[in-house]
Amino acid sequence: MVPEANPDDFLFLADDEDASEATDHTVGEWQLLIVDDDEEIHTVTKLALSDVVVEGRKLVFHHAYSGKEAVQFLRDHDNIALVLLDVVMETDDAGLKVVEQIRDELKLEDTRIILRTGQPGYAPEESVIKEYDINDYKTKTELTRSKLVTTIIASIRSYQQIRTINQNRIGLQKIINAGANLLEQHSLHEFSEGVVTQIASLIGLDAEGVLCAQIEDDGSNADTIYVLGAAGHYAPFIKCRLERIDNKRIIHQINDCLRSKRNIFTEKDTTLYLGAEHHGAAVYLETNRAIEDFDRQLIEVFLSNISVGYENVTLFQQLRHAAYIDPLTKTPNRNEFTCLLADTRQLGAQDSVAVLIDINHFSDVNDGLGQEVGNELLIAITQRLVQEFGNDAQIGRIGADVFGMIGSEQVLTPQALDALFLEPFQASEHSLQVDATYGFCRLSESSEQGLTILKHVYIALNRAKKNISRNYEFYQQQMEDETAERLALLRTLRQDFAQDRLQLWFQPQICLKSRKVIGMEALLRWPQQGGGFVSPAVFIPLAEYSGLIVEIGAWVLQQACMQLKELERLGFKELRIAVNVSMPQFRSPHFVESVINCVTEYQVKPELLELEITESVVMDDPKVVISALKELQSFGIKVAIDDFGIGFSSLSYLQQLPLDRIKIDRAFVNDIEKPNGAAIAETIVNLGKRLGLHTIAEGVETVAQERVILAMGCDEVQGFLYAKPMAKDELLAFIKQQKK
């Protein structure tokens, strides 16, 4: 039953009465929910308030006819500004229970509540006001139109103030959280995508938008506008030019924003300027509605908060570009190429291969023509690689003169790469003909880790460099296993050498005329813990490769001098000891000094120490070797050339070498009984005589061999026919026996 009211207080408008004058000046709406079990109350209330405009917004009415229905409606609609709520409905306190659910269960703290009752004695006004979070509690009889309007206006203003405070608080928290999340991102594209998403979240929109800027992916200035980040259906356009979006309005709005450096708000969209000291960007969002004032303020605070972050992440992108792009060729460097290897491998491309291209003798170009010409050559090679394979492969510069490629095995073949180097390259005014060595690795046969793949390609490349029959190798697991074995053997060699487990054995050298021992060759032995020895042919190259041979060589010289001193003490004062010397020892800056110091320290006759070198050592760096040997010979130390005739002999260098003895290699001694087999050995003996050098044949194992060698006029021999290599104590016993 509607309570009676003064007609002057209720100025009802008919349902079809024109309210256009009020509506024309309104922007937005206030949502009101009328909750009452009396349908006539709904009608009367709506009629009484239908022309009311509060803060420039009209009222929109919603209806519920029970407490349960009201709660369900509010659960689905959290934008209700005001609830006009009857206290007594399905139960005497149904309205009060609705208030409790609104505050405690639905957590609608902003929504304002006006309680109305037709039974004022049921719930005293004072106790209700104290216990419940409501704006007003009135009986229906006292709520005339003017009072109702006044209450409505006051409640809505209260709602607006509370909502603004709460949204500002929530918005500021969002800004803090968003800023923290964005500042953790170092990728320019991830940061930009985050900006779009966070702004949309701030104003309660689904993320549909883009962030664009006039910068390249590397952070350098450019006229072209690029999409740096995007969300929603614009996401596929990240890293593309803005024109690819093919939306004239977006293009116009972003250009306008970047040009004017200001935010642009319209009924359809919002375009925001993200300004920093050196970099600016525009954020375009599809809002499909006008952005409210308090949301605009939040956005401005947010943009101000992340501007520094945008500047920093852009600078970081430039640093990243410097860290991952080769500055000379503008291609991926080793770091980026390693990432590309992992990415390609993880995509599961079955026929993909990784290739390393090593330019042969590139250092000669740098040394002979200068680094500028060398750089131009590298650029020319890069351009030809891009021209020939740019559409089918990823190209990078991995080292000073090493290029990397990733592509199909059908395209990146050794023959295709060889064809690339058939024509000379133009560098400055020079036309340079170069060739290369290649290492290949099928990605399907390698690891998913980029560094491991790169290691495998390098293993193949290094193997190819040692292959004299072809200039390429494909990685095989066996190669890595062999390398691992060599490294394990080298580690053990270092340990055993440090623990003084290496031994120096000696093989006697015999004068063919007197049949007496005239000296011995010092031979390094590496005993194994389980018995037996590691072959010198295995561990000596390892020691030379690692540089450990310099330390081992110094130890051998020391042991040889100690043995000479011991022989002198026992009365064998004229016996010499020959010690093998490798190229790494010659390259050691203190080699000559260390040899002379060792001889001096142990006070042995210099002429009793003989250094044996091979042809390969001489040919490796003739000037260094000859200079060192001349200095040592001037001190009195003897010099012998070992394995003569096996390598690529150079008689001109032979004349320059300060030699005392030539050794005939065992390979010629083994063939000496064959038809014409003695020719080379005899030539070496005659050459030695013409040069005034002693000759010694090694590897003599039969009497027949001895007979032929003796007939040639060879001076000395060593081999199993006379004595095998033996330990120090056994050597002394052998020499004493020979003396008898």
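Below are exercises on a predicted model, each with a worked solution.

Residues are numbered from 1 along each chain as its sequence is written. In this predicted model, local features need pLDDT of at least 70, side-chain atom pairs count only at pLDDT 80 or more, and totals for chains, interfaces and linings use all residues, while side-chain values use heavy atoms, with hydrogens and water left out.

**Exercise 1.** State the mean pLDDT of the chain, and describe residues 1–27.

Solution.
- pLDDT is the predictor's confidence in each residue, from 0 to 100.
- The chain has a mean pLDDT of 83, with 84% of its residues at 70 or more.
- Over residues 1–27, pLDDT stays under 50, and the model has 34 contacts beyond four places in sequence for them; a contact means heavy atoms within 4.5 Å.
- Residues 216–221 also stay under 50, with twelve such contacts.

**Exercise 2.** Give the strand order of the open sheet of six strands and explain why one side of strand 2 has no neighbour in the sheet.

Solution.
- Helices (H or I, at least four residues) and strands (E, at least two) are DSSP runs, numbered from the N terminus. Two strands pair if DSSP finds at least two bridges between them.
- The order is 2-3-1-4-5-6, and the pairing is mixed.
- Strand 2 (53–54) and strand 6 (136–139) are at the edges; each has a single partner strand, so one side of each is left without a neighbour in the sheet.
- Strand 2 runs antiparallel to strand 3 (residues 57–64), joined by two bridges. Val53 has Lys58 in strand 3 as its bridge partner.
- Helix 2 (residues 39–49) lies across strands including strand 1 (29–35) and strand 3, at about 180 degrees to strand 3. Axes here are lines fitted to C-alpha atoms, for helices over the stretch in contact, and angles run from 0 to 180 degrees between N-to-C directions.

**Exercise 3.** Identify the edge strands of the open sheet of five strands, and the helices that pack on this sheet.

Solution.
- The order is 13-14-12-17-18, with mixed pairing.
- Strand 13 (393–397) and strand 18 (472–474) are the edge strands, as each pairs on one side only.
- On average, neighbouring strands of this sheet are turned by 15 degrees against each other, direction ignored.
- Strand 17 (residues 436–442) pairs with strand 18 in the parallel sense over three bridges. Phe440 has Phe474 in strand 18 as its bridge partner.
- Helix 12 (residues 371–389) packs on the sheet, and its direction makes about 5 degrees with that of strand 14 (402–408).
- Helix 14 (residues 450–466) also packs on the sheet, at about 140 degrees to the direction of strand 17.
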